[in-house]
Amino acid sequence: MKLPAGHRQTSMTGGDLISLDMNHMTTESRNPDTMELDCMTTLEIVTEMNREDAGIPEAIRPHLAQIAEVADHASESIRKGAHVYYMGAGTSGRLGVLDASECPPTFGVSPDVVVGLIAGGEKAFTKAVEGAEDSKELGAQDLKDHHLTRDDLVVGLAASGRTPYVLGGLEYAKSVGCHTASVSCNKDSEMSKTAETAIDIVVGPEVLTGSTRLKSGTAQKMILNMISTAAFVKAGKAYENLMVDVVQSNIKLHARALRIVTEATGVSEDAARKALSQAGGSCKTAITMILADCDAEEAKQLLTKAEGHVRQAILLRDQTTK
């Protein structure tokens, strides 16, 4: 079947054909300011890209309340010992995997707390898997394989806002009863009609038409940064603005841990090093030991009562000594 200009044909699992009307999608529109892109100098190209990128934070700002709502749901799932799933295809899927993979070293959590699911599986991270994004069933099956529960959170990612893989995942998540959210770059997207919390960030046409790894990708990554960081801060993974659960997996991070303890407490490096040793390398425990004036065992007990929040643990110690 021949489709009109501005449409593309794709297939769903089961052989059904669907037509995507791309004429009304901002992410597929042509940018009037870059019509002469192929005639620009290199400096002109990168200058234009920089100018276009400058508008991304402004496009995000009206949606901060929705982003905070998703972060609160994520924090709730984390505190319950449940999971946060990012779902996407292509660039969006890779961005979800990227943000998820940074959570273990930054916040000291296991890799299954925040999980990035990409259409086509792990091999799709470096190489496109033909047709993987066109299957709703695949999206649902990936969540079934991870034993999705009502305490989990599913965040759908797609610049277009209508990727079948993501829609299938969101629909299945709704049937399970868990919180759902969508992040897209087209207004009133199909995903936004499916998800509980919709975040449609319209950043305008790309410098290179349809290349959503550019502004759309940057916007999605900025939002994921907000969701994961805010969620883990609310879950007790920070004291002041310090990463108190950082995993010390190399020399640089060992040095960072030492600095975190000295910055948080004001003690010398020698005192911080001693506290870290007694705390089994835990910045959070060492800081609590020093500021609450207690040993490692009591610090751990206080942190357990405070659900991992250092500030609250110190307050609990103050209350018991009065």
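Mentor: Rings of Phe, Tyr and Trp (its six-membered ring) pair if their centres lie within 6.5 Å, and planes under 30 degrees apart count as stacked, over 60 as edge-to-face and the rest as tilted. This is a predicted model, in which local features need pLDDT of at least 70 and side-chain atom pairs count only at pLDDT 80 or more, while totals for chains, interfaces and linings use all residues. Residues are numbered from 1 along each chain as its sequence is written, and side-chain values use heavy atoms, with hydrogens and water left out.

Trainee: How many aromatic pairs does the structure hold, and what makes the rings of phenylalanine 107 and phenylalanine 232 a pair of their kind?

Mentor: The structure holds one aromatic pair. The ring centres of phenylalanine 107 and phenylalanine 232 are 4.4 Å apart, within the limit of 6.5 Å, and their planes meet at 15°, which is under 30 degrees, so the pair is stacked.

Trainee: Where in the chain do phenylalanine 107 and phenylalanine 232 lie, and are they buried or exposed?

Mentor: Phenylalanine 107 belongs to helix α4 and phenylalanine 232 to helix α8 (helices are DSSP runs of H or I with at least four residues, strands are runs of E with at least two, and both are numbered from the N terminus). They are 125 residues apart, and the pair therefore links distant parts of the chain. Both phenylalanine 107 and phenylalanine 232 are buried (under 20% relative accessible area with a 1.4 Å probe and protein chains only, where exposed is over 50% and partly exposed in between). Beyond its neighbours within four places in sequence, phenylalanine 232 is in contact (heavy atoms within 4.5 Å) with residues including Ile78, Cys103, Phe107 and Val114.

Trainee: Which residues of the largest nonpolar core touch the most other members, and which element gives the most to this core?

Mentor: A nonpolar core is a set of buried Ala, Val, Leu, Ile, Met, Phe, Trp, Tyr and Cys residues joined through side-chain atoms within 4.5 Å. The largest one has 31 residues, and Tyr86, Val114, Val155, Ile201, Ile223 and Phe232 touch the most other members. Among the elements that give two or more residues to this core are α3, β3, α4 and α8, and α8 gives the most, with six residues. A second, separate core of 29 residues includes Tyr239, Leu242, Leu253 and Ala313.

Trainee: What lines the largest cavity, and how do you know which class its residues belong to?

Mentor: The lining of the largest cavity is made up of Ala74, Ile78, Val84, Tyr86, Val114, Ile227, Ser228, Ala231 and Phe232. Ala, Val, Leu, Ile, Met, Phe, Trp, Tyr, Cys and Pro count as nonpolar, Asp, Glu, Lys and Arg as charged, and the others, Gly among them, as polar, so this lining has eight nonpolar, one polar and no charged residues. α8 gives the most to the lining, with four residues.

Trainee: Why is aspartate 293 called exposed, and why is glutamate 307 called exposed?

Mentor: Aspartate 293 has 62% relative accessibility, which is over 50%, so it counts as exposed. Glutamate 307, at 59%, is likewise over 50% and therefore counts as exposed. Aspartate 293 is found in the loop between α11 and α12, and its phi is near 55°, a positive value in a residue other than glycine. Glutamate 307 is in the loop between α12 and α13, with a positive phi of about 55° although it is not a glycine.

Terms used. On a 1 Å grid over the protein atoms alone, a cavity is a set of points where a 1.4 Å probe fits but cannot get out, and a pocket is an open set with protein on both sides within 12 Å along at least five of seven lines; lining residues have an atom within 4 Å of a point.
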